[in-house]
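Work through the exercises below with the sequence and the model side by side. Try each task before you read its solution.

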Amino acid sequence: MVVPVAFFGVFFAYPVAAILLRGLKADGVWQVGRLWEVLGQPDIRHVLWFTTWQALASTALTLLIALPGAYVFARFDFPGKQALRAVVTVPFVLPTVVVGTAFLALLGRGGLLDEWWGVRLDTTVWAILLAHVFFNYAVVVRTVGGLWGQLDPRQEEAARMLGASPFAAWRRVTLPALGPAVAAAALMVFLFTFTSFGVVQILGGPTFATLEVEIYRQTSEIFDLSTAAVLTVIQFLAVGAILAVHAWTVRRRESALRLVDASLTARRPRGAGQWALLAGVLVSIAVLLVLPLGVLVRRSLEGAGFSYYRALTSSESQVFLVPPIEAIGNSLTYALVATAIALLVGSLAAAALARRDAGRLVRGFDALLMLPLGVSAVTVGFGFLIALDEPPLDLRATWILVPLAQALVGVPFVVRTMLPVLRAVDGRLREAAAVLGASPWRVWREVDLPLVRRAALVAAGFAFAVSLGEFGATVFIARPDDPTLPVAVAKLIGRPGELNYGQAMALSTILMVVCAVALLVLERLRTDRTGEF
């Protein structure tokens, strides 16, 4: 447990604390009144209001659209189901910059709506809400659908035999069992949308800003660290409350339920109603999830065939010091290093948390591991620049800063993937191996490793995908001569000119393909088909 605690202490808690101290202290005195001064500003109150209500609206809209999909994946068996599950999950592992770019290509200038009906929605709240549904659809399908597929359908059938209507049986039997899973999914969607950065940065324009976007603006454009620190504290408190409630819902979900093998509950659709439901879900997936990605690819090919892709190799770029194509190699290298770090730290943390004799303090660290997913990545990135600039941690001029920031986001996925598998390992196997004289290293190699190898590969794949798309922290610490793909896309979109816009679409398409391939490989490696992450 020493390595994970040290890693998070040095590369997460220390940089965040450094930036907060820099913003909330003046001449050694805490500026407590600064909190109320910042909250008294009308534009800040507007940002807080918009952040909260768009997160609530995004969560409600995602549940409304995704819950029928969760039922279809849980209860229906149809050709191509496994491939479609992978397709549904692709948006979740896509970088937020790519998601924003895809909806910009669909709803913005020259997009499909503009081309067909002369309507542009790229700087409206609807564009943000739809992009959030696109990004979080898989969270609901996998979290709720995973449990729904394991609920014994005979309980609901028994209620119907006793005279309950189909809706009454579902409301009184299935819904109470699904309640904790729905709540957990809703809280995760709310967390991701409450801290949204890349999507709102691209689609919000000057009109809409979340807390994360405002922190970025205050830090990098206005250079008001005091206001940025206050907003970071507010976001930190909100994220902490969300994670505490989420941990409670997870404990409720893990309570005793009558679960069965998910493969035994899925059946081919029967009757016109079920076939209509399946068709409706397929249409919604095609329109909401596949169409934006298809439009993104189409926009990248406009111009003269592959001219935008060829332009990526040009060394005459006015945006970067190197050809934009080099961002691909940089991103892959950084992501591989970040994956190795995340796998090491996350595996050690999962092994410690899986111990049956783990104390309350160790179990509490499990919740803290989720904080990098919610705490301002902008604050972490800027904190890296401020805190890690003196010996023995003078890393500001080194390339390792980028994979370290990316690994912080990858570790929670490694822990969440490996922890259930490690907890399922029968402790008696380890004890028997030890009794036969095996050393602790050999026990791990002969007992644990064969059982968790595939889970480790899945964890590594998720860490790689999320590291590849990390944007909030990387935008601060990636050097101009070594840009990553998400940073390159954001900078190209921010520059005027059709060529810059087309190159952004081309780089986004390349990034999308890499993430999609990684996800498809993960889906084949998964040992558990219940649909959980």
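**Exercise 1. Classify V3, then place it on the surface.**

Step 1. At 42% relative accessibility, V3 counts as partly exposed, because buried means under 20% relative accessible area, exposed means over 50%, and partly exposed is in between (1.4 Å probe, protein chains only).

Step 2. This is a predicted model, where local features need pLDDT of at least 70, side-chain atom pairs count only at pLDDT 80 or more, and totals for chains, interfaces and linings use all residues. Residues are numbered from 1 along each chain as its sequence is written, and side-chain values use heavy atoms, with hydrogens and water left out.

Step 3. Find V3 in helix 1 (residues 2-24). Helices (H or I, at least four residues) and strands (E, at least two) are DSSP runs, numbered from the N terminus.

Step 4. V3 joins L344 and L348 in a nonpolar surface patch. Together they have about 250 Å² of accessible area. Patch members have over 30% relative accessible area and no salt bridge; nonpolar side chains (Val, Leu, Ile, Met, Phe, Trp, Tyr) are joined within 5 Å, like charges within 9 Å. Areas come from the Shrake-Rupley method with a 1.4 Å probe; for residues, only the protein chains shown count as cover.

**Exercise 2. Describe the protein chain as a whole.**

Step 1. Count the secondary structure: 24 helices and 2 strands.

Step 2. Check burial. Of the 533 residues, 55% are buried.

Step 3. Look at the surface. The chain exposes about 23,500 Å², and carbon and sulfur atoms supply 65% of that.

**Exercise 3. Explore the largest nonpolar core.**

Step 1. Know the rule: a nonpolar core is a set of buried Ala, Val, Leu, Ile, Met, Phe, Trp, Tyr and Cys residues joined through side-chain atoms within 4.5 Å.

Step 2. The largest core has 179 residues. Those with the most contacts inside it are F7, F8, L94, Y137, L203 and F384. Helix 7 (residues 125-148) gives the largest share of this core, 16 residues.

Step 3. Zoom in on L94. Leaving out residues up to four places away in sequence, L94 touches V99, F134, F135, L293, M512 and C515. Contact means heavy atoms within 4.5 Å.

Step 4. Pick out F135 again. F135 forms one aromatic cluster with F92, F192, F413 and F462. Rings of Phe, Tyr and Trp (its six-membered ring) pair if their centres lie within 6.5 Å; planes under 30 degrees apart count as stacked, over 60 as edge-to-face and the rest as tilted. The whole structure has 18 aromatic pairs.

**Exercise 4. Is T62 buried or exposed, and what does T62 touch?**

Step 1. T62 sits in helix 3 (residues 42-75). Its relative accessibility is 0%, so T62 counts as buried.

Step 2. Beyond residues up to four places away in sequence, T62 touches L67, H132, V133, N136, Y137, V140 and V189.

Step 3. Compare sequence and space. T62 and L130 are 68 residues apart in sequence, and 8.7 Å apart in space, C-alpha to C-alpha.

**Exercise 5. Find the salt bridges and classify their partners.**

Step 1. The structure holds 2 salt bridges. Each is a side-chain nitrogen of Lys or Arg within 4 Å of a carboxyl oxygen of Asp or Glu.

Step 2. E214 pairs with R217 at 2.6 Å, N to O. Both lie in helix 11 (residues 211-220), 3 residues apart, about one turn of the helix. E214 is buried because its relative accessibility is 3%. R217 has 29%, so R217 is partly exposed.

Step 3. R479 pairs with D482, with the closest N and O atoms 3.0 Å apart. R479 is partly exposed at 35% relative accessibility, while D482 is buried at 18%.
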